Amino acid sequence: MFSLLLFLFTNSFAQDFILKDDLIDIRAKNKIIEIGSEVKTKTGVNIYVYATSSFDLDKNITTKEKIDYIRNYELDILKNIENPYVIITISLEDTHVNLYYSDSLEKIIDKNEILDDYVVPLLASKDKNTVASKISASVLNGYAAIADKLADSKNIELENNIGNQGKVASTIWRVFIYFVLFAALLAYIYAILRKRK
């Protein structure tokens with residue numbers, strides 16, 4: 001009986017913060033619920049996730065039609081959420097990830113920083129993890145980064161957040177990419193100089 005009540009209680013919070021969760025594993029979901037509940041209690045801001053395998057796009061539409069369709073789809077989602085908010089949207093088949101926030105959070109949340117430093121590097125990483133686990137990790141990473149920004153803006157500390165692990169992973173990933181590019185450039189220069197001899 002207690003387990004059933006706990007499940008229903010947890011599920012009600014999941015519905016509050018996780019609007020769609022086709023792709024997120026249970027551990028990431030539980031952590032999102034923990035972080036989201038604490039952030040809502042301490043800052044009054046709702047952090048939402050909408051993770052779907054597909055936006056059900058017609059395969060034969062143009063790029064412009066695709067962009068317009070996804071934008072309208074996301075705007076429909078925004079109509080039904082509580083202000084102030086931050087929301088991460090992601091669609092696997094449409095290779096789409098985005099972030100929206102209330103106007104009142106404009107000076108706190110930097111969309112490009114969250115996506116470029118915390119979400120995209122984990123999605124783009126080439127490792128043995130499945131796509132589903134990468135999506136779970138990247139969404140949780142972005143969610144935690146948003147929570148940190150909101151907490152910092154109010155000078156409060158979050159007990160349930162994951163800390164700066166995502167930033168470290170992002171930095172390592174960037175260093176690796178720069179190293180590969182630098183090595184490729186050196187190899188190219190070496191090949192040209194060798195050809196001239």
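**Group meeting: from leucine 99 outwards**

Let me begin with one residue, leucine 99, which, once its neighbours within four places in sequence are left aside, is in contact with Val86, Ile87, Ile88, Ile109, Lys111, Ile114, Leu115 and Ile146. What we are looking at is a predicted model, and leucine 99 gives us a convenient place from which to work outwards. Leucine 99 lies in strand β4, and with a relative accessible area of 2% it is buried, since buried here means under 20%. Between leucine 99 and tyrosine 48 there are 9.8 Å in space, taken C-alpha to C-alpha, although the two residues are 51 apart in sequence.

From that residue I would like to move to the whole chain. The protein chain has six helices and four strands, and, read from the N terminus, its elements follow the order α-β-α-β-α-β-β-α-α-α. Of its 197 residues, 37% are buried, and the chain exposes about 12,400 Å², of which carbon and sulfur atoms supply 57%. If we take the contacts with a separation of 6 or more, 63% of them are between residues 24 or more positions apart.

Now to the sheet, which is open, has four strands in the order β1-β2-β3-β4, and shows mixed pairing. Its edges are formed by β1, residues 18-21, and β4, residues 96-101, and because each of these has a single partner strand, one side of each is left without a neighbour in the sheet. From one strand to the next, the twist averages 10 degrees. Within the sheet, strand β2, residues 46-52, and strand β3, residues 85-91, run parallel and are joined by seven bridges; to give one position, valine 49 has isoleucine 88 as its bridge partner in β3. Isoleucine 88 is also one of the residues in contact with leucine 99.

What packs against these strands? Helix α3, residues 63-79, lies across β1, β2, β3 and β4, and it runs at about 40 degrees to β4.

Turning to the helices that follow β4, we find that α4, residues 111-124, and α5, residues 131-153, pack at an angle of about 160 degrees, their axes being 8 Å apart. That angle makes α4 roughly antiparallel to α5, because the term applies to angles over 145 degrees, and the crossing of the two helices is right-handed. On the α4 side, the residues that meet α5 are Glu113, Ile114, Tyr118, Val119, Leu122 and Leu123, while α5 contributes Lys134, Ile135, Ala137, Ser138, Asn141, Gly142, Ala145, Ile146 and Lys149. Two of these names, Ile114 and Ile146, bring us back to the contacts of leucine 99.

I will finish with some backbone details in the loops. Asparagine 83 and proline 84 are joined by a cis peptide bond, with omega at about -15 degrees, and proline 84 has its place in the loop between α3 and β3. Which residue in the loop between β2 and α3 deserves a look? Aspartate 56 lies there, and it has a positive phi of about 60 degrees although it is not a glycine; its relative accessible area of 62% makes it exposed. Asparagine 155, found in the loop between α5 and α6, likewise has a positive phi, near 55 degrees, without being a glycine, and at 73% relative accessibility asparagine 155 also counts as exposed.

Notes. Residues numbered from 1 in each chain as written. Predicted model: local features only at pLDDT ≥ 70, side-chain atom pairs only at ≥ 80, totals over all residues. Heavy atoms only, no water. Buried < 20%, exposed > 50% of the residue type's maximum accessible area, 1.4 Å probe, protein only. Contact = heavy atoms within 4.5 Å. Areas by Shrake-Rupley, 256 points an atom, 1.4 Å probe, with all protein chains shown as cover. Pairing = 2+ DSSP bridges. Axes fitted to C-alpha atoms, helices over the stretch in contact; angles between N-to-C directions. Parallel < 35°, antiparallel > 145°, perpendicular 65-115°, else oblique. Left-handed = near helix turned anticlockwise from the far one by under 90°.
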